Structures are given as structure tokens and as C-alpha cells.
Amino acid sequence: MTDLPNIYAAVPRWAFGDNPGLADELLALVLDGRKRATCSSLVSCQADVMPAVGDLSVILDGGGRPTCVIRTTEVRILAFDQVDEDFMRAEGEGDLSAQYWREGHQTYFEREGVFAPDMPLVCERFELVEVF
């Protein structure tokens, strides 16, 4: 991994998940091509940054080191209980089943303190642009 190129100096930086282990696990899925989508609660996006098509993001590993750049290709707001299986599989997690996705994401959003079956999610698809 090299230093972050200057062209990405002003690009937002963030890590997947809510802890270093999860950040590394999800980043590995991005790097191997399995993960091409992510979702966040609408509440957290409104408090931080709402993604838009074309946005670039520098993705950090669990230690806070820049590792790659992704570009947002689609953003949809859907209720948790309306997320389709195609999107769930695009997140690339676990056994790719709807049950795995629902259980894992419910647990995550409960840790965030915002879970409800009809809660709005920001469902984002992305492509990998560069790896450092």
C-alpha cells in the first residue's frame, strides 16, 4: 500500500462497519470483487454525508489507512423490509442469503440504535476505482 495520491486529498474518507474488525472484513470483500453495494440508515447519512451517483470515497481499513477508492453508481432509499435479494447479494456478505443479510443488518442497526423493519435505508451500489 502506498501513500494516498494527491488527486484524492479532498475526497471523503470512511470505513465500512462500526469497528476495525468489521471494516477489514468488508474491505476484503470489496478488494476481492464480491462486495459492490452497501447500505446505511437514512438517519446516519443525513447526519453525515448523503451519497450521490458519481461520488468518490476513499475507503479506510480497520487501522484507518487509505486502501482503495470507490465510485457510487446508484443510490436508492428503501425500507429495510423492502430491500430486494439482488441488492442483498451485491453486498457480498456471508452466504449471500436474504436471511443472513436481514439478521446481520438488523444486529448492526440495533447497535446503531435505529432498527425498525420499515426504517429507511440508503442503498448504494459502487464500483472499485483504484487500490493503493
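Helices (H or I, at least four residues) and strands (E, at least two) are DSSP runs, numbered from the N terminus. With that in hand, welcome to a set of close-ups of a predicted model.

**Figure 1. The stretch annotated as an ASCH domain.** An unreviewed UniProt entry places the annotation "domain: ASCH" on residues 14-130. Over residues 14-130, helix makes up 33% of the chain and strand 31%. The C-alpha atoms at the two ends of this stretch lie 15 Å apart.

**Figure 2. An open sheet of 5 strands.** Reading across the sheet, the order is E1-E3-E4-E5-E2, with mixed pairing. At the edges sit strand E1 (13-14) and strand E2 (37-41), each of which pairs on one side only. Strands of a sheet pair through backbone hydrogen bonds, either parallel or antiparallel. Here E1 and E3 are parallel and share 2 bridges, while E3 and E4 run antiparallel and are joined by 5 bridges. E4 and E5 are antiparallel too, over 11 bridges, and E5 (residues 120-131) pairs with E2 in the antiparallel sense over 5 bridges.

**Figure 3. Val58 and Arg125, each with a bridge partner on either side.** Val58 in E3 is the bridge partner of Arg13, and Val58 also stands opposite Val69 in E4. Further across the sheet, Arg125 in E5 is the bridge partner of Glu74. Arg125 also stands opposite Ala37. These two residues make handy starting points for tracing the pairing from strand to strand.

**Figure 4. Helices laid across the strands.** Helix H1 (residues 20-31) lies across strand E3 (56-60), strand E4 (66-79) and E5. The angle between H1 and E4 is about 95 degrees. Helix H4 (residues 98-112) lies across E2 and E5, and runs at about 40 degrees to E2.

**Figure 5. Strand E3, its hairpin and Ser57.** Because 4 of its 5 residues are buried, E3 is largely enclosed by the rest of the structure. The hairpin of E3 and E4 has 5 residues between the strands, and in it Gly64 takes a positive phi near 85 degrees. Back in strand E3 we find Ser57, which is buried at 6% relative accessibility. A polar contact of 2.9 Å links the side chains of Ser57 and Trp14. Beyond residues up to four places away in sequence, Ser57 touches Val11, Pro12, Trp14, Cys68, Val69 and Ile70. Ser57 and Arg71 are 14 residues apart in sequence, with 6.5 Å between their C-alpha atoms.

**Figure 6. Thr72 and its polar partner.** Look for Thr72 in strand E4. Is Thr72 buried or exposed? Thr72 is buried, with a relative accessible area of 2%. The side chains of Thr72 and Glu124 are joined by a polar contact of 2.6 Å. Along the chain Thr72 and Glu124 are 52 residues apart, yet their C-alpha atoms are separated by 6.8 Å. Leaving aside neighbours within four places in sequence, the contacts of Thr72 include Pro51, Val53 and Asp55, as well as Arg125 and Phe126.

**Figure 7. Glu93 in the loop before H4.** Glu93 belongs to the loop between helix H3 (85-90) and H4. At 17% relative accessibility, Glu93 counts as buried, the cut-off being under 20%. Which side chain does the side chain of Glu93 meet in a polar contact? The partner is Lys35, at 3.0 Å. Not counting neighbours within four places in sequence, Glu93 is in contact with Leu26, Leu29, Arg34, Lys35, Tyr100 and His105.

**Figure 8. Cysteines without a disulfide.** How many disulfides does a search of the whole structure find? The search gives 0. A disulfide would need two cysteine sulfur atoms within 2.5 Å. For Cys123, the closest cysteine sulfur is that of Cys39, which at 5.3 Å is too far for a bond. For Cys45, the closest cysteine sulfur is also in Cys39, at 9.3 Å, so this pair is too far for a bond. Cys123 is buried at 0% relative accessibility, and Cys45 is buried with a relative accessible area of 7%.

Notes
Residues are numbered from 1 along each chain as its sequence is written. This is a predicted model: local features need pLDDT of at least 70, side-chain atom pairs count only at pLDDT 80 or more; totals for chains, interfaces and linings use all residues. Side-chain values use heavy atoms; hydrogens and water are left out. Two strands pair if DSSP finds at least two bridges between them. Contact means heavy atoms within 4.5 Å. Axes are lines fitted to C-alpha atoms, for helices over the stretch in contact, and angles run from 0 to 180 degrees between N-to-C directions. UniProt positions are given in the numbering used here, feature names are shortened, and annotations may be inferred rather than shown by experiment. Buried means under 20% relative accessible area, exposed over 50%, partly exposed in between (1.4 Å probe, protein chains only). A polar contact is a pair of N or O atoms within 3.5 Å; within protein, one must be able to donate a hydrogen and the other to accept it, and residues adjacent in sequence count only if both atoms are side-chain atoms.
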